[in-house]
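Visitor: I would like to learn how to read a protein model feature by feature, with the general idea placed before each case. Could we start wherever you find it most natural?

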Amino acid sequence: QVQLVESGGGLVQPGGSLRLSCAASGSIFSIHAMSWYRQAPEKERELVASISTGGTTDYGDSVKGRFTVSTDSAKNIMYLHMSSLKPEDTAVYYCYANIVTRLGFRQDYWGQGTQVTVSS
């Protein structure tokens, strides 16, 4: 059993900052790419940021220069540092990871999501 648990969401004013965390736990042998996605009401889920095991990062165009993704590999935690937040960043943010379990199965896992609301 593998779980991804997000935390750190909340209400923040425009221009503010927030840090999200995604903790992976359970029967993990290795973690491959991890990503953050978000979904706003009545919109499709979109990629926010991704990071490979080698540390290569990629960002959605709307967050480049404002968001930074990082990992603490020893603790199996991924972070999303968000700054200069805008109302249009309001969404539920989901953590995704491609994980090889101790039984040898490689699968995609998703967290339950954490709400980020940017509003004055």
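Guide: Let us start with a single residue, bearing in mind throughout that this is a predicted model. The residue is E42, which sits in the loop between β4 and β5.

Visitor: What is the sign of phi at E42, a residue other than glycine?

Guide: The general idea is that most residues other than glycine have a negative phi. In this structure, phi of E42 is near 65°, which is a positive value.

Visitor: Is E42 buried or exposed?

Guide: The cut-off to keep in mind is that a residue counts as exposed when its relative accessible area is over 50%. E42 has a relative accessibility of 88%, and therefore counts as exposed.

Visitor: Which residue in the loop between β7 and β8 has a positive phi although it is not a glycine?

Guide: That residue is N76, with a phi of about 55°, and its place is the loop between β7 and β8. Its accessibility falls into the middle class, which lies between the limit of 20% for buried and that of 50% for exposed; N76 is at 25%, so it counts as partly exposed.

Visitor: What can be said about K75?

Guide: K75 also belongs to the loop between β7 and β8, and K75 is classed as exposed because its relative accessible area is 56%. Sequence separation and spatial separation should be read side by side here: K75 and A23 are 52 residues apart in sequence, while their C-alpha atoms are 7.8 Å apart in space.

Visitor: How far apart in space are G15 and S84, C-alpha to C-alpha?

Guide: The C-alpha atoms of G15 and S84 are 4.2 Å apart, although 69 residues separate the two in sequence. G15 lies in the loop between β2 (10-12) and β3, and once residues up to four places away in sequence are set aside, G15 touches S84 and L85. With a relative accessibility of 54%, G15 counts as exposed.

Visitor: Which residues does I28 touch, not counting those up to four places away in sequence?

Guide: I28 touches V2, N76, I99, V100 and R102, so counted, and N76 is the loop residue with the positive phi that we met above. I28 itself lies in strand β4 and is buried, because its relative accessible area is 11%. For a pair at another distance, take I28 and S50, which are 22 residues apart in sequence and 19 Å apart in space, C-alpha to C-alpha.

Visitor: How many helices and how many strands does the secondary structure come to?

Guide: The count is 0 helices and 11 strands, so that the order of elements from the N terminus is β-β-β-β-β-β-β-β-β-β-β. As for overall dimensions, a radius of gyration can be set against the value that a globule rule gives for the chain length; here it is 14 Å, close to the 14 Å given for 120 residues, so the protein is as compact as a globular protein of that length. The C-alpha atoms fill a box of roughly 50 × 25 × 25 Å along the principal axes.

Visitor: What share of the contacts with a separation of 6 or more comes from residues 24 or more positions apart?

Guide: Such residues account for 54% of those contacts. Burial is a separate figure, and buried residues make up 41% of the 120 residues.

Visitor: Which residues have the most contacts inside the largest nonpolar core?

Guide: They are W36, L80, M82 and Y93, in a core of 31 residues. Several strands supply at least two residues each, among them β1 (2-7), β3 (18-26) and β11 (114-118), and β9 gives the most, with 5 residues. The contacts of Y93 include L20, W36, V48, F67, L80, M82 and V116, again without residues up to four places away in sequence.

Visitor: Which residues line the largest pocket?

Guide: The lining consists of I31, H32, M34, I51, S52, T53, T71, D72, S73, N76 and I77, and the pocket has a volume of about 170 Å³. By type, the lining divides into 4 nonpolar, 6 polar and 1 charged. Both β4 (28-39) and β7 (67-72) supply at least two lining residues, and the largest share, 3 residues, comes from β4.

Note on methods: Residues are numbered from 1 along each chain as its sequence is written. This is a predicted model: local features need pLDDT of at least 70, side-chain atom pairs count only at pLDDT 80 or more; totals for chains, interfaces and linings use all residues. Side-chain values use heavy atoms; hydrogens and water are left out. On a 1 Å grid over the protein atoms alone, a cavity is a set of points where a 1.4 Å probe fits but cannot get out, and a pocket is an open set with protein on both sides within 12 Å along at least five of seven lines; lining residues have an atom within 4 Å of a point. Grid points are joined across faces, edges and corners, and a volume is the space filled by probe spheres set on the points. Helices (H or I, at least four residues) and strands (E, at least two) are DSSP runs, numbered from the N terminus. Ala, Val, Leu, Ile, Met, Phe, Trp, Tyr, Cys and Pro count as nonpolar, Asp, Glu, Lys and Arg as charged, and the others, Gly among them, as polar. A nonpolar core is a set of buried Ala, Val, Leu, Ile, Met, Phe, Trp, Tyr and Cys residues joined through side-chain atoms within 4.5 Å. Buried means under 20% relative accessible area, exposed over 50%, partly exposed in between (1.4 Å probe, protein chains only). Contact means heavy atoms within 4.5 Å. The radius of gyration is taken over C-alpha atoms; the globule rule is 2.2 Å times the number of residues to the power 0.38.
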